[in-house]
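Please open the model in your viewer, with the sequence panel beside it, and follow the stops below in order. At each stop, make the selection suggested before reading on.

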Amino acid sequence: MSVEVAIALALALLLAAVAAVVVVRTRRVVATPTERAVHAALHTASLAARALRQGLDTGSAHTATPFLRELTGTDGLALFDSDGELLSRDPADEPIWQSDVVDACVGTAAESISGERRVLRSVRTNAVVAQPLLTEGGDALGVLVVVTARTPGPGMLGAVGEVARYAASQIELAELDASRARLDRAEVLALRAQISPHFIYNALNTIASFVRTDPDRARELILEFADFTRYSFRAAGQYTTLAEELRNIDRYLTLERARFGAALTVRLQVAPEVLNVVVPFLALQPLVENAVRHGLAGRGGGAVEIIARDAGSDCLITVEDDGAGMDPDTLRAGPGDALADRSDQSAHVGLTNVDHRLRGAFGNDYGLVVETAIGAGTKVVMRVPKFRSGVRAGGAMG
């Protein structure tokens, strides 16, 4: 056998082997018609959900109606809001939308807002079905109306009902997300209110004491105070990076060290790899302020230690003081209630808010944990995930 023939034979065998692999892989990848149909339906539903999770308005309805129509398998579909106003229809410019058909859609939509499906047959050669979009509690979010040239049988009516329930669930989730965002904003406002009467008064008194004795020091503290308040009262999202929080904590501690002098010592230990971890805005401030104000001020001074370290998929942040501590039995009421016993309710407001926001953003595995004993100081532990889908600095969960 010549060399050329051997090479040709080897190439032929190689090509045959590659073709066999491709055929096997193709057989594994290609699904059955049923599996393909299920995949296509799920994909279409996800595209509709992406729009409806923004809430029901003209923009989201315009994006969602083509996908919802595809899921129902009807000739036309329209979405109405809870007041019976038409938001969008698909296909937008098809002859199916004659004036009497549109009037029928509007009429059946208005009737079905009460919570019951309406079916209107023989509108030209079409039938109109209006299905209310209801919450779990039975409240109307809007109406889904379909137009079909076929006689709407049990199968079609069932499909329309399921698509309407799916759309309503996505709109309801959007409203829950909006409610959670409003709650987050309210809790941030509560934290800001906590900072205002306590820390600001002391900081301004401290700066005033340096105006005559050390003007340069007073100017430095004024700049620190300005940066601290600018950050704390900024109009921003519910989340920020750990680096930004620590930078603001450093401003706070600079002002407190100016007040306490050598009586207050601070130890900060941060792993560089966790600096970009996203945390709730003003999450650390109440912990550190509590350690200084409630753990140390009554004793004339002490030490605060702040540690942020890598803990696998999480970041572990601890704020510890060597103050008076407290009875561990009081922890049964939860971290916020326990620390409220120290002197006033501001600690309760601040730490409870942080605990709620952590759990709301990351789940119940990420609330605050408090370790303390009488005469042994207090240690507050915050665990946050290094990454959580939908949570980003400067914004809310999406």
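A residue is called buried here when its relative accessible area is under 20%, and with that cut-off Leu282, at 1% relative accessibility, counts as buried. Keep in mind throughout that the model is a predicted one.

**The whole chain**

Begin with the entire chain in a cartoon view, coloured by secondary structure, where you should find 10 helices and 12 strands. Of the 398 residues in the chain, 44% are buried, and the accessible surface comes to about 20000 Å², with 55% of that area belonging to carbon and sulfur atoms. If you then display contacts between residues with a separation of 6 or more, 64% of them are accounted for by residues 24 or more positions apart.

**Helix 2 and helix 3**

Next, select residues 33–52, which are helix 2, together with residues 58–72, which are helix 3; the two pack at an angle of about 160 degrees, with their axes 8 Å apart. Because an angle over 145 degrees counts as roughly antiparallel, helix 2 and helix 3 are roughly antiparallel to each other, and their crossing is left-handed. Showing side chains brings up the residues that meet, among them Ala41, Ala45 and Ala48 from helix 2 and Ala64, Phe67 and Leu68 from helix 3.

**The cis peptide bond at Pro91**

Now move to the loop between strand 2 (86–90) and helix 4 (99–112), which is where Pro91 lies. Most peptide bonds are trans, whereas the one joining Asp90 and Pro91 is cis, with an omega of about -10 degrees.

**Aromatic pairs reaching from helix 6**

A search of the whole structure finds 3 aromatic pairs, and two selections will take you to members of that set. Select Phe228 and Tyr252, whose rings form a tilted pair at 6.2 Å centre to centre, with 35 degrees between the planes. Phe228 belongs to helix 6 (residues 215–232) and Tyr252 to helix 7 (residues 242–260), so this pair ties together parts that are 24 residues apart in sequence. Phe228 and Tyr252 are both buried.

Then select Tyr231 and Phe281, whose ring centres are 5.2 Å apart and whose planes lie at 55 degrees, so this pair is tilted as well. Tyr231 is in helix 6, while Phe281 sits in the loop between strand 8 (278–280) and helix 8 (285–293), and the pair links these distant parts of the chain across 50 residues. Both Tyr231 and Phe281 are buried.

**Leu282, in the loop before helix 8**

Stay in the loop between strand 8 and helix 8 and select Leu282. Most residues other than glycine have a negative phi, yet Leu282, which is not a glycine, has a positive phi of about 60 degrees.

**Helix 7 and helix 8**

Finally, select helix 7 and helix 8 together: how do they lie relative to each other, roughly parallel or roughly antiparallel? Their axes come within 10 Å and cross at roughly 20 degrees, which makes helix 7 roughly parallel to helix 8, and the crossing is right-handed. On the helix 7 side the contact includes Ile249, Leu253 and Phe260, as well as Tyr252, and on the helix 8 side it includes Gln285, Val288 and Val292. Helix 8 is mostly covered, with 9 of its 9 residues buried; among these buried residues are the charged-letter entries Glu289 and Arg293.

Technical notes: Residues are numbered from 1 along each chain as its sequence is written. This is a predicted model: local features need pLDDT of at least 70, side-chain atom pairs count only at pLDDT 80 or more; totals for chains, interfaces and linings use all residues. Side-chain values use heavy atoms; hydrogens and water are left out. Helices (H or I, at least four residues) and strands (E, at least two) are DSSP runs, numbered from the N terminus. Buried means under 20% relative accessible area, exposed over 50%, partly exposed in between (1.4 Å probe, protein chains only). Contact means heavy atoms within 4.5 Å. Accessible areas come from the Shrake-Rupley method with a 1.4 Å probe; for residues, only the protein chains shown count as cover. Rings of Phe, Tyr and Trp (its six-membered ring) pair if their centres lie within 6.5 Å; planes under 30 degrees apart count as stacked, over 60 as edge-to-face and the rest as tilted. Axes are lines fitted to C-alpha atoms, for helices over the stretch in contact, and angles run from 0 to 180 degrees between N-to-C directions. Angles under 35 degrees count as roughly parallel, over 145 as roughly antiparallel, 65 to 115 as roughly perpendicular and the rest as oblique. A crossing is left-handed if the near helix is turned anticlockwise from the far one by less than a right angle, and right-handed if clockwise.
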